Amino acid sequence: MHTFVRDIDVIIVIGTPLSLKYNRREAEKRFARVYTTVPGDLCIYCCMPNDGKFDHQPPVYVLHRFANGGLVTKKQIQEHFGQCKLVPCCTICNMGLGAYHGLSDTERRAEIVHWFLEDERFPEDRLVLALGFRLIEERLQGKRDHEIYEFPGVGRIIYTNALTGLIEGDFQGHEDFPDWLRLAQSELAVWLRAAPKRKARYFLDMANLESYELLPHARSDPRGQFE
Ligand SMILES: [Zn+2]
């Protein structure tokens with residue numbers, strides 16, 4: 001154990017960035033004081049309730065890479081990234097972002113929404129989205145119960161409509177959302193809260209992923225942002 005700790009010290013001194021292990025919890029603690037919390041209870045990306053969760057702008061992993069295994073001051077960080085913020089963010093958008101930084105909230109929304117748009121590699125994916133849309137319509141007509149939210153195609157319709165509308169400027173904010181979208185978001189939020197870990201599982205189902213761990217690039221270099 002002792003030797004292990006010393007090895008880490010040596011790595012920090014010589015500062016070889018790619019061999020420096022990333023420990024999220026330690027990095028979050030290390031950089032906590034540079035972030036200012038932006039209050040709010042709706043996700044700034046999609047306007048779903050954030051349920052007390054926040055997103056680091058820029059991601060902690062980006063600061064970890066910036067520090068490059070050495071010492072870095074708060075001033076250096078602010079000169080490079082501007083004010084670092086903790087913004088209200090739902091679990092699903094947070095997972096969609098991973099360590100993606102992006103230059104604006106619009107870019108970050110585009111990164112999130114690409115997980116949920118039609119996957120053209122699979123022709124049947126169009127049917128999944130069409131069914132999601134129909135289930136929402138039937139719910140609005142009172143023909144179906146809350147169980148429609150179990151179907152990931154329903155979540156994808158809700159997330160893509162909110163995110164795309166904000167990206168394209170059709171909505172400036174939650175107040176511009178059509179009634180159906182507000183209702184569907186609030187019902188989806190209730191359904192997601194009703195069981196532990198349901199939000200994370202739902203993200204994986206919507207994105208058609210088995211596991212988040214299978215995406216090393218999402219953490220180490222999403223969209224080549226460090227190139
Ligand atoms: Zn969100």
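In what order do the elements of the protein run from the N terminus on?

**View 1. The whole chain of this predicted model, from end to end.** Starting at the N terminus, the order is α-α-β-β-α-α-β-α-α-α-α-α-α-α. That string holds 11 helices and three strands. The protein has 227 residues, and 31% of them count as buried. Take the contacts between residues at least 6 apart in sequence: 73% of these join residues at least 24 apart.

**View 2. Inside the largest nonpolar core, with its 46 residues.** Look for Cys-43, Tyr-45, Cys-46, Cys-93, Tyr-159 and Leu-163, the residues that touch the most other members. Two or more core residues come from each of helix H3 (60-67), strand E3 (84-88), helix H5 (91-97), helix H6 (105-113), helix H7 (125-140), helix H8 (152-167), helix H9 (179-193) and helix H10 (198-206). The biggest giver is H8, with seven residues.

**View 3. Closer in on Cys-43 and its contacts.** Setting aside neighbours within four places in sequence, you will find Cys-43 in contact with three other cysteines, Cys-89, Cys-90 and Cys-93. Met-48, Asn-50 and Pro-88 complete the set.

**View 4. Where H7 packs on H8.** Here the two axes lie 7 Å apart, at an angle of about 80°, which means H7 is roughly perpendicular to H8. H7 brings Val-128, Leu-129, Leu-131, Gly-132, Phe-133, Leu-135 and Ile-136 to the contact, and H8 answers with Gly-153, Val-154, Arg-156 and Ile-157. By type, the residues of this contact divide into eight nonpolar, two polar and one charged.

Conventions: Residues numbered from 1 in each chain as written. Predicted model: local features only at pLDDT ≥ 70, side-chain atom pairs only at ≥ 80, totals over all residues. Core = buried A, V, L, I, M, F, W, Y, C linked by C-beta atoms within 7 Å. Buried ≥ 20, exposed ≤ 12 C-beta atoms within 10 Å, placed from the backbone. Helix = DSSP H or I, 4+ residues; strand = E, 2+ residues; numbered from the N terminus. Contact = placed C-beta atoms within 7 Å. Axes fitted to C-alpha atoms, helices over the stretch in contact; angles between N-to-C directions. Parallel < 35°, antiparallel > 145°, perpendicular 65-115°, else oblique. Nonpolar A, V, L, I, M, F, W, Y, C, P; charged D, E, K, R; others polar.
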